[in-house]
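Take a look at the sequence and the 3D picture below. We'll start with a question and then walk through the fold.

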Amino acid sequence: MGVVEEAMTSLIVAFHEYAGKEGDKDSMNKREVKEMLTKEFGLKLEKAKDQTAIDRIFKDLDVNSDNKVDFQEFMILVTGLTVLLHECQEEH
Ligand SMILES: [Ca+2]
């Protein structure tokens, strides 16, 4: 398997790890998104104002407004962050 294909597989596995916790196994609810942000990006999201931030992030991620984040919507986040990461690394 090539490196890119390996990375793609990892993303699919990671998505299902969070999406499969509760409810619909093919999408993430707000709690699952919160857990994903906490564990994957080391964010501390315990305060009351953090809930407002999560609400906003979730709304942004949920492009089709069905109150869940599916794999396609998750990938928009991953793509955006990966491009950002790449730019940061190029500056250094
Ligand atoms: Ca959605």
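Is the site of the calcium ion, with its six donor atoms, regular or irregular?

## The calcium site

The site is irregular, and the angles among the six donor atoms run from 53 to 157°. Keep in mind that this is a predicted model. An octahedral site would need opposite donors over 155 degrees apart and all the other angles between 65 and 115, so an angle of 53° rules that label out here.

Who holds the ion? Asp62 and Asp66 each give an OD atom, Asn64 gives its OD1, and Lys68 uses its O. Glu73 turns up twice in the list of donors, each time with an OE atom. These protein donors lie 2.2 to 2.5 Å from the calcium ion. If you go back to the sequence, you'll find the donor residues spaced as D-x1-N-x1-D-x1-K-x4-E.

## The overall layout

Now zoom out. The protein chain has four helices and two strands. Starting at the N terminus, you meet them in the order α-β-α-α-β-α. Draw a box around the C-alpha atoms along the principal axes, and you get roughly 35 × 30 × 25 Å.

## Helix 1 meets helix 4

Helix 1 covers residues 3-19 and helix 4 covers residues 71-91; their axes are 11 Å apart, and the two pack at an angle of about 120°. That angle is why the pair counts as oblique. The crossing of helix 1 past helix 4 is right-handed.

On the helix 1 side, the contact uses Leu11, Ile12 and Phe15, while helix 4 brings Phe71, Phe74, Met75 and Val78. Sort those by class and you get seven nonpolar residues, with no polar and no charged ones.

## Helix 2 meets helix 3

Next, find helix 2 (residues 30-41) and helix 3 (residues 48-61), whose axes come within 10 Å and cross at roughly 105°. Helix 2 is therefore roughly perpendicular to helix 3.

Lys30, Val33, Lys34 and Leu37 of helix 2 touch Gln51, Ile54, Asp55, Ile57, Phe58 and Leu61 of helix 3. This contact is a mix: six nonpolar, one polar and three charged residues.

Terms used: Residues are numbered from 1 along each chain as its sequence is written. This is a predicted model: local features need pLDDT of at least 70, side-chain atom pairs count only at pLDDT 80 or more; totals for chains, interfaces and linings use all residues. Side-chain values use heavy atoms; hydrogens and water are left out. Axes are lines fitted to C-alpha atoms, for helices over the stretch in contact, and angles run from 0 to 180 degrees between N-to-C directions. Angles under 35 degrees count as roughly parallel, over 145 as roughly antiparallel, 65 to 115 as roughly perpendicular and the rest as oblique. A crossing is left-handed if the near helix is turned anticlockwise from the far one by less than a right angle, and right-handed if clockwise. Contact means heavy atoms within 4.5 Å. Ala, Val, Leu, Ile, Met, Phe, Trp, Tyr, Cys and Pro count as nonpolar, Asp, Glu, Lys and Arg as charged, and the others, Gly among them, as polar. Donors are N, O and S atoms within 2.8 Å of the metal (3.2 Å for Na, K and Ca); water is not among the atoms, so sites may look incomplete. Four donors count as tetrahedral if all angles lie between 85 and 135 degrees; four count as square planar and six as octahedral if opposite donors are over 155 degrees apart and all others between 65 and 115; anything else is irregular.
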